[in-house]
Amino acid sequence: MDWAGWAVFGLVATAALTATMIAAQLAGLTRLDLPLVLGTLVTGDPDRARVVGFFIHLVAGQGFALGYAAAFAVLHSATWWIGALFGGLHVAIALTVLLPLLPGAHPRMASLRAGPSSTAVLEPPGLFALNYGVQTPAVAVVVHVIYGVVLGLLLRAH
Amino acid sequence: MTAPRPPAPISDYGLLGDTRTAALVASDGAIDWLCVPRFDGEPLFGRLVGGPPAGTFRVGPAAAATVVGRRYRRHTATLETTWAVDGCRLTLTEAMVAEVSGRLLPTTLLVRRLSAEGGAVDAAVEFDPRLGAPHRRPRARHRGGILVCEWGALAVSLTGTPELAVEPGRPTPVTVLPGRPLTLVLAVAYREPLIHVEPAAAWDLVGEDEARWRAWTAGIQESLPFREHVVRSLLTLRLLTYSPSQAPVAAPTTSLPEDPGGARNWDYRYVWPRDASIGVNAFLGVGKLDQAQGFLAWLLHASRLERPRLPALFTLNGRHVPPERELPGWPGYHDSVPVRVGNGAADQHQLDGYGWVVDAAWVFVQAGHRLYSETWRAVRGFADVVARRWREPDAGVWEVREPGQHVHSKLMGWLALDRALRIADTHRLSARQRRRWQSARDAIAAEVRARGFDPAQASYVRSYGSTDLDAALLVLPLLGMDSTESARVQGTIDAIRERLSAGGPLLYRYPPGRDGLPGTEGAFLPCSFWLVQALASTGRRVEAIELFQALLDHASPLGLYAEEMDPATGAHLGNYPQTLTHAALVQAALAIRDSPQVDR
């Protein structure tokens with residue numbers, strides 16, 4: 001497995017994903033803000049949360065990159081389109097499993113069952129994270145495919 | 001078949017809610033409105049505006065009976081209705097369970113209990129759920145004494161103790177014996193398995209919820225004037241606040257008419273930042289900080305996509321409101337058609353909205369809290385929009401379809417800039433931005449005084465060049481642009497009170513019918529509470545108290561208010577109950593509390 005590539009390019013791919021997502025937010029395409037969502041696990045201040053969340057996101061991205069590197073090694077092939085396919089699989093899991101599960105674990109995210117005593121302020125993402133804007137699934141697909149393509153291009157298969 | 005009966009008067013309906021959705025229940029025990037799984041979902045019982053084919057859920061006496069008592073249990077959301085039947089009494093006690101988080105409970109859980117006193121009473125259960133615009137009938141089956149109705153992703157179950165063989169759409173007779181109440185539990189599941197709750201356990205949950213509501217209301221200042229009415233309004237506001245996002249819905253209904261038999265029927269199951277901001281002020285005024293924080297966080301999140309522009313309204317999740325459309329075949333409330341869903345005001349430019357929102361942020365700061373820097377960025381963005389766009393015509397607070405140069409909008413633009421500048425005293429702001437806001441604020445004041453004031457009437461007017469008055473201008477004394485002692489402020493209050501009077505304590509919002517829409521409308525209830533607030537804040541406390549008392553006499557028997565009222569009959573009109581009216585009531589009471597004890 002390409003350990004050196006994983007160490008370097010995992011960060012590059014996560015940075016590319018994050019940058020594209022921020023660009024999409026600034027363009028008004030989505031309200032999905034992964035650094036904020038992750039950082040509010042730790043603090044309620046949105047500005048501090050973004051900083052903390054950015055580093056959590058980097059670590060998480062590095063973890064996912066390990067899976068990509070291992071998969072490339074198993075397939076003995078690392079190409080941009082295989083990376084893109086993995087990115088598609090990755091986002092499908094994120095939108096249908098990880099984000100919908102988040103309200104159950106996130107201390108500052110309300111669930112759809114929240115009642116009057118709830119002081120959680122972060123809105124639950126809902127199905128396919130559609131609560132964060134109707135274009136959110138499309139943005140999520142694009143940024144994760146970019147993540148996969150970057151890793152497919154930069155990692156070696158062995 | 002469900003017996004054809006006309007819908008009850010609007011004020012006859014009580015509100016049951018769980019802060020995610022709400023039901024309206026008439027004094028005959030019929031729930032004629034309930035959308036699932038949330039306020040803006042599809043109606044499960046829609047008879048209120050959809051007629052008998054839209055479904056209902058009635059639990060009450062088998063034959064017509066006299067209501068001898070109807071009230072909310074003190075400081076709770078539990079409703080009790082008592083009928084006299086053949087010398088006996090039958091009482092329906094009902095509530096929705098609000099606190100279901102962290103426990104294996106359905107998201108929507110409605111509990112209704114019938115109990116008899118003085119002898120056996122013949123009662124009936126009519127359970128006729130129909131889903132959505134086409135009034136879809138369910139696929140129904142009985143599973144071990146539980147009736148389950150399904151429509152694909154949505155399922156509801158009805159459980160009863162003693163067990164009852166209820167068939168959808170058919171009245172089921174039941175005899176209620178003293179000491180042996182009938183408890184019915186309706187559970188709703190949307191995209192998840194049904195969770196059945198034993199009626200006895202569900203009844204205990206109602207008790208737990210009551211204790212929570214009492215604890216919540218216990219925190220409201222004891223010395224607040226008209227406290228019981230204020231508490232009911234605050235409870236109503238909280239019930240209409242969607243807990244998963246903390247966004248207050250304007251009303252839980254669509255298309256209750258402003259003009260019975262007419263076309264002024266709108267969908268209010270969305271969130272207007274303006275109304276919500278007034279609600280924030282109301283909650284902050286009684287020390288309920290959580291609601292204010294929740295709303296500001298929601299607004300920050302919801303407005304993100306279009307910032308710095310502030311849309312006139314959002315869905316509960318901050319999404320764009322669906323386009324307005326009419327439901328074909330829906331007869332409307334007392335033949336008031338069309339019945340609409342969606343809302344066409346979503347794309348309007350409404351300058352006043354910025355003023356309400358920035359003012360809410362200012363009140364939050366004034367209460368000793370600091371805005372997160374992201375919130376302050378958003379507020380700065382709103383102020384920049386006002387500084388840039390205040391000269392443009394807008395739809396105004398009344399959302400008229402033809403934009404104009406509304407004086408109230410300009411005043412609220414002034415308010416946005418003034419309050420943003422006040423917040424900037426404790427938050428970072430560049431000198432250039434400060435100068436730009438100050439310059440725009442001063443320009444607005446100069447222009448409004450020059451073009452928005454009619455010396456002949458000694459009053460500000462509705463729009464530049466018009467002689468019409470506008471009751472929204474009653475916010476004037478609260479702004480601080482003109483002194484509360486000034487002839488302009490006093491003249492405006494008196495002119496509005498006299499010329500927009502609809503009789504008694506009621507006011508029209510503007511001369512009736514002057515909005516380009518067909519038909520007419522009733523008196524606009526929030527305006528009357530704004531008048532109370534204006535009187536109290538200009539030192540006319542006695543008048544304010546008298547007016548407030550008179551307005552309380554116009555509440556529904558359960559202390560609820562719609563948006564409007566027919567001045568001739570006192571009938572409530574428009575969507576119900578209304579967040580804006582209840583928020584205005586609370587603010588009026590707070591203004592009385594804060595006014596000097598001696599009149600000027």
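In chain B of this predicted model, helix H7(B) offers Arg380(B), Ala383(B), Val386(B) and Ala387(B) to helix H9(B), where they meet Gln433(B), Arg436(B), Trp437(B) and Ala440(B). Sorted by character, the residues of this contact comprise five nonpolar, one polar and two charged. H7(B) spans residues 373–389 and H9(B) spans residues 431–451; the two pack with their axes 9 Å apart, at an angle of about 45°. That angle makes H7(B) oblique to H9(B), and the crossing by which H7(B) passes H9(B) is left-handed.

Chain A provides a second helix pair to look at. Here helix H1(A), residues 3–26, packs against helix H3(A), residues 46–75, at an angle of about 125° and with the axes 8 Å apart. H1(A) is therefore oblique to H3(A), and H1(A) passes H3(A) in a right-handed crossing. From H1(A), the contact draws on Gly5(A), Trp6(A), Gly10(A), Leu11(A), Ala13(A), Thr14(A), Leu17(A) and Thr18(A). Their partners in H3(A) are Phe54(A), His57(A), Leu58(A), Gly61(A), Gln62(A), Ala65(A), Leu66(A) and Ala69(A). Nine nonpolar and seven polar residues make up the contact of H1(A) with H3(A), with no charged ones.

The two chains also touch each other. Their contact involves 22 residues from chain A and 26 residues from chain B. On the side of chain A that touches chain B, eight residues are nonpolar, nine are polar and five are charged.

Note on methods. Residues are numbered from 1 along each chain as its sequence is written. Chains are lettered from A and ligands numbered from 1 in the order in which they are written. This is a predicted model: local features need pLDDT of at least 70, side-chain atom pairs count only at pLDDT 80 or more; totals for chains, interfaces and linings use all residues. Axes are lines fitted to C-alpha atoms, for helices over the stretch in contact, and angles run from 0 to 180 degrees between N-to-C directions. Helices (H or I, at least four residues) and strands (E, at least two) are DSSP runs, numbered from the N terminus. Angles under 35 degrees count as roughly parallel, over 145 as roughly antiparallel, 65 to 115 as roughly perpendicular and the rest as oblique. A crossing is left-handed if the near helix is turned anticlockwise from the far one by less than a right angle, and right-handed if clockwise. Two residues are in contact if their C-beta atoms, placed from the backbone, lie within 7 Å. Ala, Val, Leu, Ile, Met, Phe, Trp, Tyr, Cys and Pro count as nonpolar, Asp, Glu, Lys and Arg as charged, and the others, Gly among them, as polar.
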